[in-house]
Amino acid sequence: MKFIPWILALLITLGMGHFAARANAEADQEDAAALSSREFAGQVLCGKNAVAVWTDDKSMDCFKELP
């Protein structure tokens with residue numbers, strides 16, 4: 001009977017770790033999608049021979065690539 005609190009504590013700890021890992025994976029996936037979206041927007045707005053550089057969340061500069 002004295003092992004029940006330890007087993008419960010172990011199960012709660014493992015469960016919380018599982019949920020934290022899932023939340024972290026979802027955040028990583030959202031970050032990757034945002035970066036991909038920025039890259040695409042930069043390509044569309046700057047054109048094929050330019051590089052987009054984001055100065056902040058809403059501002060972007062286009063730099064032309066030299067041949």
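Start with the whole chain coloured by secondary structure: from the N terminus on, the elements run α-β-β. That makes one helix and two strands. Keep in mind as you click around that this is a predicted model.

**Zoom out**

Stay with the full chain for a moment and show just the C-alpha trace. Along its principal axes, the trace spans about 75 × 20 × 15 Å. How does the radius of gyration sit against that of a compact globule of 67 residues? The globule would come in near 11 Å, but this chain has 23 Å.

Now switch on a surface. The chain exposes about 6200 Å², and carbon and sulfur atoms supply 64% of that area. Of the 67 residues, 4% count as buried. If you colour by charge, you'll find 6 positive and 9 negative side chains, with the centres of the two sets 5 Å apart.

**Select residues 4-46**

This is helix H1, 43 residues in all. Want a quick sanity check on its geometry? Put a distance label between its end C-alpha atoms: they are 63 Å apart, and at 1.5 Å a residue the helix should span 63 Å, so the two agree.

Then step one residue past the helix. H1 is followed by glycine 47, and the phi of glycine 47 is positive, near 100°.

**Select cysteines 46 and 62**

Show these two as sticks. Which residues does the disulfide join? Cysteine 46 is bonded to cysteine 62, with an S to S distance of 1.8 Å. The pair ties together distant parts of the chain: cysteine 46 belongs to helix H1, while cysteine 62 sits in strand E2 (residues 60-64), 16 residues apart. A search of the whole structure turns up one disulfide.

Label the torsion about the S-S bond while you're here. For cysteine 46 and cysteine 62 it is about -70°, so the disulfide is left-handed.

Buried or exposed: how does cysteine 46 count? Its relative accessibility is 16%, and buried means under 20%, so cysteine 46 counts as buried. Its partner, cysteine 62, is partly exposed, with a relative accessible area of 41%.

**Last stop: glutamine 43**

Go back into helix H1, where glutamine 43 is found. Where does glutamine 43 lie relative to cysteine 62? The two are 19 residues apart in sequence and 9.4 Å apart in space, C-alpha to C-alpha. Glutamine 43 has a relative accessible area of 51%, so this residue is exposed; the cut-off for that label is over 50%.

Definitions and conventions. Residues numbered from 1 in each chain as written. Predicted model: local features only at pLDDT ≥ 70, side-chain atom pairs only at ≥ 80, totals over all residues. Heavy atoms only, no water. Helix = DSSP H or I, 4+ residues; strand = E, 2+ residues; numbered from the N terminus. Rg over C-alpha atoms; globule rule 2.2 N^0.38 Å. Buried < 20%, exposed > 50% of the residue type's maximum accessible area, 1.4 Å probe, protein only. Areas by Shrake-Rupley, 256 points an atom, 1.4 Å probe, with all protein chains shown as cover. Lys, Arg positive; Asp, Glu negative; His and termini not counted. Charge placed at Lys NZ, Arg CZ, Asp CG, Glu CD. Expected span 1.5 Å × (residues − 1). Disulfide = S-S within 2.5 Å.
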